[in-house]
Amino acid sequence: MADLLRQAWTVARKDLVLEFRTRTAIVSALVFTALVLTVFNFGRDPTAVPTIDLAPTILWVTFTFAAMLTLNRAFQLELENQALEGLLVSPLNRTSLYWGKLIANLMFVALVESVGLPLFVLFFDVPVGRVLLPLVGVIALATLGFVAVGTLFSALVMRTRFAELLLVVLLLPFLVPPLIGAVQVTALLLGGRPLSEAAGWLRLLAAYDIGFVSLASLLFRFTVDE
Amino acid sequence: MLSAEGLRHAFRGGRVVALDDVSFSLAAGQTLTIFGPNGAGKTTLLKVLAGLIRPDAGRVTVAGGRGAIGWIGHHSHLYGHLTVRENLLFWASLYGVPPSARGVNAAATMRRVGVADWANQPVWSLSRGLVQRAAIARALIHDPRVLLLDEPFTGLDLKAAAALRALLGELRGAGRSVVLATHNVDEGVELASVVAFQRRGRFVQLAPRGGRSAAQIAEQYRRAMAEEGGGAGGGRGVDG
């Protein structure tokens, strides 16, 4: 296990260095996040629908699509000079490769979310002070699930002609359960309800994470092996 | 060190036969040079040997497993936005080179292939020949026991090609087994201890080089291809 994690971290660290050197996906995702929140802020009518009812959906729509921008890049960078071929010839375990990509993607998405959340609070003036920790926990729980699935699917579509389009089409149906759960829990938290009321949704998010991280770890090798 | 038994592989539902009953065995210090025209199945064979493609039938045995293989394919497998040194350290880490030895190995390998002066340059900024040298360094960073080389001279100038030939000679002397695939008889002959001619997935000839000269092998290659139905285009360096 230690060897699997060591290899995974080697891959993740390389991806992080490459991304922070080129800043292609991160900058796109951050700009996208800021733009979407700005558009929603000016596009809504606060007298028609209370902000508190609309805010959780806006937050998760923004996070989901911003994350997709970063997920696409995970395996595209392995196609440059066919580095993936080198990875597959090496003793790198396929599960380590998946975990490495998952770790890097989680860090990219976490960075986008850490910028997006303050912007969201700023634009929508929602009271997150009292529920910040549980809210960050819910964001982490939901993010792990959809990034786990997204990382698997980005490997699946990387060699296709319309990888970016296909990723969205394939991924969105799988994101419905964690997104519904995340929106519901976020709404409860922002509405000042106790976390215990969200226990069912939290269990769903946890089950989704465990199920899909395990499944994706098992299935990943079939997406990269010829 | 390396053996292949009855390898068969086909693409497009069996319509394109890439490997047809290929078998051979290489001991330590031997170099198998495979000559064949485009589409003969050389790259598929190397990919099967490297474990990139699972053959439809047959078996490959590499002493030491995947970690013992050094692979140079048609692409460099290098990350453009990492420097040559960073690339080598990354690959050394994946191949389990101990952390304390990575820097030393990387420096020594870069000196060996002549890219030490470009160690801190990002790969994207290098010329094609330098990228190929860096790719060779990547393949050697873990001191592999088996080297699989697919057209390794591509992009190298005459001096660099001669240096690579000398390096491969050194590796053979150090007991490394090498499989080299090329369409150019001039390139691989002097390194070969075993010579194979491949066409339509089959080894139409597999024999020790013996005392044959490059010219003799080129002539035999031309005839072997002609007997198999033509298409070698006259032997040396043609029919890319």
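Here is a short conversation about a predicted model, covering chain A and a sheet in chain B.

Trainee: Let's begin with chain A. How many helices and how many strands does its secondary structure come to?

Mentor: Reading along the sequence of chain A, you meet the pattern α-α-α-α-α-α-α-α. No β appears in that pattern. The count for chain A is therefore 8 helices and 0 strands.

Trainee: What is the radius of gyration of chain A, and why can the chain be called as compact as a globular protein of that length?

Mentor: For 226 residues, the globule rule gives 17 Å. Chain A comes close to that value, so it is as compact as a globular protein of its length. Its radius of gyration is 18 Å.

Trainee: What share of the residues of chain A counts as buried?

Mentor: A residue counts as buried if 20 or more other C-beta atoms lie within 10 Å of its own. Chain A has 226 residues to which this can be applied. The share that counts as buried is 46%.

Trainee: Now for chain B. Which strands stand at the edges of its open sheet, and why is one side of each left without a neighbour?

Mentor: The sheet has 3 strands in the order β2-β1-β4, with antiparallel pairing. Each edge strand has a single partner strand, so one of its sides has no neighbour in the sheet. The edge strands of chain B are β2 (16–26) and β4 (57–62).

Trainee: How many bridges join β1(B) to β4(B), and which residue in β4(B) stands opposite B:Glu5?

Mentor: Strands of a sheet pair through backbone hydrogen bonds, either parallel or antiparallel. Here β1(B) and β4(B) run antiparallel, and the number of bridges is 5. Opposite B:Glu5 stands B:Arg59.

Trainee: On the other side, which residue in β2(B) is the bridge partner of B:Ala4?

Mentor: Strand β1 of chain B covers residues 2–11 and pairs with β2(B) in the antiparallel sense over 8 bridges. Along this pairing, B:Ala10 stands opposite B:Val17. For B:Ala4, the bridge partner is B:Phe24.

Trainee: Which residue in the turn between β1(B) and β2(B) has a positive phi?

Mentor: These two strands form a hairpin, with 4 residues between them. In the turn, a positive phi of about 50° belongs to B:Arg12.

Trainee: What angle does the direction of helix α1 of chain B make with that of β2(B)?

Mentor: Helix α1 spans residues 42–50 of chain B and packs on the sheet. There the helix touches β1, β2 and β4 of chain B. Its direction makes an angle with that of β2(B) of about 55°.

Note on methods: Residues are numbered from 1 along each chain as its sequence is written. Chains are lettered from A and ligands numbered from 1 in the order in which they are written. This is a predicted model: local features need pLDDT of at least 70, side-chain atom pairs count only at pLDDT 80 or more; totals for chains, interfaces and linings use all residues. Two strands pair if DSSP finds at least two bridges between them. Two residues are in contact if their C-beta atoms, placed from the backbone, lie within 7 Å. Axes are lines fitted to C-alpha atoms, for helices over the stretch in contact, and angles run from 0 to 180 degrees between N-to-C directions. The radius of gyration is taken over C-alpha atoms; the globule rule is 2.2 Å times the number of residues to the power 0.38. A residue is buried if 20 or more other C-beta atoms lie within 10 Å of its own, exposed if 12 or fewer, and partly exposed in between; C-beta atoms are placed from the backbone.
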